[in-house]
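User: I would like a close look at one part of this model. Please keep the answer connected and brisk.

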Amino acid sequence: MVVFLLVVFLAGCGRAPVEERVIRVWSHQGQEAENRAMRDIAEAFNTAYAGRGIRVELSFFPDFQYTEKLAIAAAARDLPDAFDLDGPLVARLVDAGLLAPLDGWFDRAELEDFLPTLLKQGTIGGRLYALGAFDSAVVLYYDRELLARAGVTPPADGEGWAWDEFMAACAALQAAGIEPLAMHMDESADEWFTYAFSPVVWSGGGRLIDDDAPRVRGVLADEANVRSLRAWQQVFEKKYAATDPVDPNPFGNGKVALDWSGHWMARPHQEAKGGRLGAMPLPRLGAEAAAPCGSWCWGVSARTRDPELAALWVRWVTDPEQGVAPIVRANGAVPGRRSAFAAFPEYSKQPYRQFRAQLETTARARPRTPFYATLSQRFAAALRDIARGADVEARLRQAEDEVQAVIDRRRPGEAGP
Amino acid sequence: MTAWQRKRGRAAPWFLLPACALLAVFVVWPLLRAGWWSFTNADLLSPERAEFAGADNYAGLAGDARFQRAFGNTLLFALLVVPVQTVLAFFLALWVNRPEPAWRWLRGVFFVPVVVSMPVLAVLWTLLYQPEQGGETGLLNAALGVFGVPPQAWLRDPALALPAIAFMSVWQGAGLQMMVFLAGLQNVPKELLEAARIDGASGWQRVRHVIVPSMRNTIIFVVTVTTILAFRIFVQPYLMTRGGPGNSTLSLIQSVYETTFVSQDLGRACAAALVFLALVGGLTWLQRRLAREERE
C-alpha cells in the first residue's frame with residue numbers, strides 16, 4: 001500500500017514541469033514583531049529560491065509547550081525538516097537521535113563568525129547540531145542616581161563587583177531607605193532560575209552536573225555550591241530582594257536600584273532611565289566572573305528526506321544579513337554573528353557592549369546533557385525554596401537525589417559505583 | 001419476536017459501530033498502548049527504541065520517593081477535601097433552598113467560584129495567602145492579625161501549604177456540589193417532611209431522618225464525583241506552589257506530567273498513570289459497592 005502510494009506520488013511529481021520542493025519549518029511563537037520578522041525572513045527565502053522551486057512552509061507554535069509539541073511530534077514521527085529549539089535541549093534531541101549534524105553545511109570561516117557561545121551550545125560530542133541567530137545575556141543593571149543617593153560607587157566600566165562589594169552596596173542602599181535589588185522571583189518559568197542563577201554556582205567554582213558521566217551525585221550539593229548558594233540566600237534573608245515580588249518590573253518603575261535581569265530589558269530600561277542606566281557583569285563569588293548565555297537555535301531533523309534543503313534554511317536564517325539582522329531588530333536579542341554587530345551601532349555603548357563582551361569571554365553554556373530538563377526543573381525548585389529560607393545543603397541534596405534517580409533509571413549501565 | 005424486531009436487532013450493531021469505533025481509537029487503543037509502554041523502557045522522543053523491561057517500572061515506583069510523596073499528598077488532599085466539601089455543600093444547599101429571589105441570588109454567589117477559571121482563582125488566593133512582603137501583607141494574614149493570630153507563611157510552610165490549597169479548593173468546588181444537592185432536595189417527598197413536622201420533629205431530626213435518607217443517591221453521587229475530582233488535583237498546586245516547598249504539594253498528576261514531559265521517561269510515566277487509574281477506579285468501585293450494600 002505504502003509502496004503503491006509512493007509510486008503514484010513519484011509519478012505525479014515526475015510529470016510536474018518544475019518540481020516544487022517544500023521545506024517544513026517549525027518555529028516557536030514569540031512577540032508579534034518577532035513572528036512578523038520570521039515570516040518576512042521566510043518570504044525572502046522563498047523569493048530567493050523561487051527559481052529553483054524551493055519553498056519553506058513556516059508554522060508557529062506557542063512558546064510555552066513548544067517543547068511538548070516537539071516531543072509529541074518526535075514520538076509520532078512527524079517532525080518537520082527544520083525547527084528551532086531552546087539551546088539546552090539540543091543534547092536531549094541528539095541523544096534521542098532526532099538531530100542531523102550541521103558541520104558539513106558550514107565552512108570554518110563561517111563558523112568562526114558565530115559567537116563562541118552559540119557554537120558551544122550547539123556542539124554535542126564534538127559535532128555541531130544546532131546554530132542560533134542570536135544569543136542572550138544577563139547583567140546587573142543599575143540606576144546611577146539611586147546608587148549616588150546611597151553613596152555607592154559603581155565599578156569601572158566593564159568591571160563587576162565581588163560578592164562582598166555587591167552585598168555592601170545592597171546594605172548601603174537599604175540603609176538609605178532604597179530597595180536594593182530585583183531578582184524576578186515571580187517568574188513563572190522554571191528556566192529563569194537555572195539560567196539566571198547558575199552563574200552564582202559557576203563563579204563560586206562549582207557546577208550543576210558532571211555532563212560526561214552523567215552524574216549529579218556529589219556534584220550538585222557539593223561544598224562549593226552550598227557555600228555559593230548560602231551567600232545567594234543572604235540576599236533574601238537580609239531582604240535586599242523580594243522572594244514574592246508583586247511588581248514584575250520594580251527597577252523600571254523606579255522603586256529598586258539594581259536589577260538582575262536579561263538583555264530583553266535593555267530597551268525598556270533605557271527608555272525609562274536614559275542616562276541614569278548603567279550595566280555591569282553579575283557579581284562574582286570567586287575570582288572568576290560567570291555569565292549565562294543560550295537561546296533558541298535551529299536544527300535539522302535526522303529524519304528529513306533532504307538534509308541539504310533543510311540546511312539551506314538554517315544557513316539562511318543564521319545569515320548575518322538575511323536572518324540575524326531582521327530577527328534581532330525585532331526581538332532585541334544579541335546578534336549571534338560577529339559580522340552582524342556592524343548593523344547595530346548601539347553595541348559600542350552600554351549596556352549593549354557588556355552583552356557582547358561577556359558572551360565573548362565569561363559566558364558559559366548551560367549543561368549539555370540529555371538530563372537538562374529534569375536537572376533544570378529540580379534545581380529551579382530548590383532555588384525557590386532556598387530563597388524562602390530552606391536549608392541549602394538539605395535542599396540541594398534532595399534535588400541531587402531526584403535528578404540522580406532519573407539518570408540512574410535511564411542509564412543503568414553507566415551509574416558507576 | 002416479530003420480523004420488525006428481528007430486523008431492528010440486526011441493524012443495532014451498525015448504529016453502535018461509530019461510538020464503538022471512537023471509543024476504540026481514543027480510549028481502548030491508547031490504554032493498551034500505555035499498558036504496553038509501562039512494561040518497557042520507552043523514551044518519549046524515541047518510543048520505537050523501547051525494550052521490554054518487565055515490571056521494572058512498577059517496581060521502581062515502589063521505591064521512588066518523589067512518586068510516593070505525590071501519592072501521599074494526593075491521598076491527604078482527598079481526605080481533607082471530600083468530607084469537608086460534601087458536608088459544607090449539603091448544608092449550603094439546605095440553607096439556600098428557599099424560593100425567595102434573595103436566596104436565588106445567594107445561590108448564584110456560591111456558584112461563582114465554580115465558573116471563574118481556576119488559574120485566576122489560583123492567583124487571587126496566592127495573593128490572599130501572601131505573607132508580609134515589603135510592608136504589604138496578604139488579606140488573610142491581615143484579617144487574622146485583627147484576632148491576634150501571628151501571620152503565617154501559608155504557601156511556603158511545608159506543613160501548611162497543602163491544607164491551605166485544600167481549603168481554597170473546598171471553597172472553589174462547594175458551589176457545584178451545592179447545586180447538585182439543591183436538585184436532590186427537590187426530590188425529598190413534601191408529604192414526608194410535613195408529616196415529620198406535624199409529628200413534632202425538630203429541624204435537625206428532619207434532616208437526619210427524612211432528608212438524608214431520601215437523598216441517599218444524590219449523596220453517593222456527590223461523594224463519588226468529589227473523590228474523583230479530588231484525586232485529579234493539579235492546577236491549584238501547580239500554579240500556586242509548583243508542587244513546593246520541597247514537594248509538599250506535589251500531586252500525582254503533576255508527577256506523571258513531569259515524568260512524561262520533563263524527564264520524558266514514557267515507560268515510567270505510563271506505569272504511574274496506570275497506577276493512578278487503578279487507584280481512582282478502585283476507589284470509585286469500592287464506594288459504589290459500599291453504597292449499594294447500604295441501600296439493600
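How many residues of chain A are in contact with chain B, and how many residues of chain B do they meet?

Analyst: The model is predicted. In it, 33 residues of chain A are in contact with 28 residues of chain B. Together the two chains bury about 2600 Å². Carbon and sulfur atoms account for 42% of that area. Three arginines stand out on the chain A side: A:Arg92, A:Arg409 and A:Arg410. They supply 23% of the area that chain A buries against chain B, more than any other three residues.

Charge pairing comes next. Eight salt bridges are counted between chain A and chain B. One of the arginines just named, A:Arg409, meets B:Asp265 in a salt bridge, side chain to side chain. The N to O distance there is 2.8 Å. The count of residue pairs in polar contact between chain A and chain B is 15, with both residues at pLDDT 80 or more.

Now the elements behind this side of chain A. Four helices each supply at least two residues of the side that touches chain B. They are helix 3 (66-75), helix 4 (90-95), helix 15 (372-387) and helix 16 (392-410) of chain A. By class, the side of chain A that touches chain B has 16 charged residues. Eleven nonpolar and six polar residues are also found there.

To sum up the contact: chain A and chain B bury about 2600 Å² between them, with eight salt bridges counted between the two chains.

How values were computed: Residues numbered from 1 in each chain as written. Chains lettered and ligands numbered in written order. Predicted model: local features only at pLDDT ≥ 70, side-chain atom pairs only at ≥ 80, totals over all residues. Heavy atoms only, no water. Contact = heavy atoms within 4.5 Å. Buried area = accessible area lost by both parts, 1.4 Å probe. Salt bridge = Lys/Arg side-chain N within 4 Å of Asp/Glu carboxyl O. Polar contact = N/O pair within 3.5 Å; in protein donor to acceptor, adjacent residues only side chain to side chain. Nonpolar A, V, L, I, M, F, W, Y, C, P; charged D, E, K, R; others polar.
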